[in-house]
Amino acid sequence: MENTEIARIFHEIAELLEMKGEDHFRIRSYRNAAMVIEGLTESLKTLYEKGEAGLDGIPGVGKGIRAKIAEMLTTGRCAVHDGLLKELPAGLFDVLKVGGIGPKKVMLLYKELGITSVDALRRAAESHAIHALPGMGEKTEENIIRAVESLKKVSARFNLAVGLSYAEGIKAHLQKTPGVARVEAAGSLRRWKDSIGDLDMLCIAHKPEDAIAAFAAYPGVKDVLSKGGTKSTVVLKTGLQVDLRVLKEDAFGAAMQYFTGSKAHNVALRDMAKRKGLKINEYGVFKEPGDRWDAGKTEEDVYRSVGLPWIPPELRENRGEIEAAAEGRLPAPLELCDIRGDLHVHTRESDGNATLAELSEAAQARGYEYIAITDHSRAVGVAHGLDEKRAMAQIEAIDAFNERLKASGRHFRLLKGAEVDIRADGTLDHADEVLSRLDCVVGAVHSGFNMTREAMTGRIIKGMESGWINVLAHPTGRLIGVREPYKVDMEAVMGAAKRHGTALELNSYPERLDLNDVHCRMARERGILVAVSTDSHSTAHLGNITFGIHNARRGWLEKNDVLNTRGLKELLRILKKTRQAGR
DNA sequence: GCCGTTTTCGGCCCGACTGTTTTCAGTCG
């Protein structure tokens, strides 16, 4: 079993225990362990196979949960999970997803009315069978009908680029409201998480009620879920939920810290504060009992109050950043100015829409020293992939172009490259005669996504073993919200990358962000270089590098961990060495 | 169920809003 599967089972145990009304802290332990497991950079299987001590020392995983992990790894089952599922029907998980229905109500509806599905819930609400139950009323029935309706339309999660554009729209709208001094997005968007479930907005306003009213009146709003004195929640027409909190200026830093999260980071931070006799909430830092500390204006104040330096939002996942901050070993965040070029760019020869000259100009305008032209190979027919003849012609064209650049005194170079398909049998989609003339070969999987895990892993490793691949592009093939990653053993792929000196791509396209944050961190720990590339199909796409940089930060990558922070000379040396080592 | 500068028991982050209640539970983030 893989980490994600084991984590899922712990999440389910937590939900089942919660419905049964078990101890809150025990439930939290399962949730916490699940989240910790999702952030691990080694598979539990590998750790377990190391022997007794392998699973020791994982924070939040004690004796009980360790035993369950061992049980799942050896038998593929978890008796506690199985037992709970015998007590409670699996349909209750769906009922729990209905907004406004929590574990207590799910259980009440199940016990009193036998409701085990969303459909049954809606029917019960429509036939007014619910309001007779204790704690339920007519309003509850109306809300259930509405929540079930929106459940159907809501798409799971939104990608970052979409989230950013909504946040900008709301920000512009609120800033037009008199008395609104400042509006910022917090939450997972500010942490640059690869996908967002909702938007958290903060605002400073003299009259909170005016800001709340303006928020509810935003033209994109479909439903107002709640509207209080300082807080409101709405659902946009697109299905995205947005929360707004209105605050006073002197609490803005504390609120930013609080609402940026993650929840796990905040719990750990507040626990730390508590041990120091302090209390942190969204209004500031307080010395018990109750009196105010001057630590609410900036986030730095909040962190300083518990003896920590400011922690970049991208790292706030309780994956060791608090300990690292305490010990002064936070990673130095990767910056845009560290990036010297882009190693994955398409032209109109395949499925891009820009010419060599246009891309060259756009890249120079960004201050780059190089970009690699990496059009598709022929296997990607829909993208008008290049066969050997066209590839050779492009090589000649790039050589000629570089000659002209040189003659004009520009310190910029186009690298000859290709995004060559790793075919289903692991062979490459260009002949050696073409590959040997390229500066930078990007290998990628674009078909046959439904292979078994073993077959896909073998296919990719065989591709790398050819010795031609400098960078493995979008290594898991995921498209956020559209397509799951293909099944692949990333530990094995990284093992091969390390042996062959292959870099792994962090594809900056907001729908991809592949490698993800945890995979980036895995690469760093294993000493594998990451290429932060854009996979641009137009000059505008070069700007997507921003998404890649923030995702790299989430993966703790520093300048030295990234291949394309190297200057041209050093880059070419590394690219050449990879080939020589591999062949 | 986890954890320890309060260490093997007794804690465990904190607050807003809603709908149902006559003082608060449930839900959410």
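By class, the surface around DNA strand B in this predicted model comprises 19 charged, 17 polar and 12 nonpolar residues. Here Asp, Glu, Lys and Arg count as charged, Ala, Val, Leu, Ile, Met, Phe, Trp, Tyr, Cys and Pro as nonpolar, and the others, Gly among them, as polar. A residue is near the strand if one of its heavy atoms lies within 4 Å of it. Among the 48 residues around DNA strand B, those that come nearest are Arg28, Gly62, Gly137, Lys227 and Arg270. Of the strand's atoms that come within 4 Å of the protein, 76% belong to sugar and phosphate.

Helix α2 contributes the largest share of this surface, with 5 residues; elements supplying at least two residues each include α4 (63–75), α9 (138–153) and β7 (241–247). Helices (H or I, at least four residues) and strands (E, at least two) are DSSP runs, numbered from the N terminus.

Two N or O atoms within 3.5 Å make a polar contact; within protein, one must be able to donate a hydrogen and the other to accept it, and residues adjacent in sequence count only if both atoms are side-chain atoms. A phosphate oxygen of DNA strand B lies 3.0 Å from a backbone N or O atom of isoleucine 65, and another such pairing, at 3.1 Å, involves a polar side-chain atom of glutamine 241. For tyrosine 258, a side-chain N or O atom is 2.8 Å from a base oxygen.

Local features need pLDDT of at least 70 and side-chain atom pairs 80 or more, while totals for chains, interfaces and linings use all residues. Residues are numbered from 1 along each chain, chains are lettered from A and ligands numbered from 1 as written, and side-chain values use heavy atoms, without hydrogens or water.
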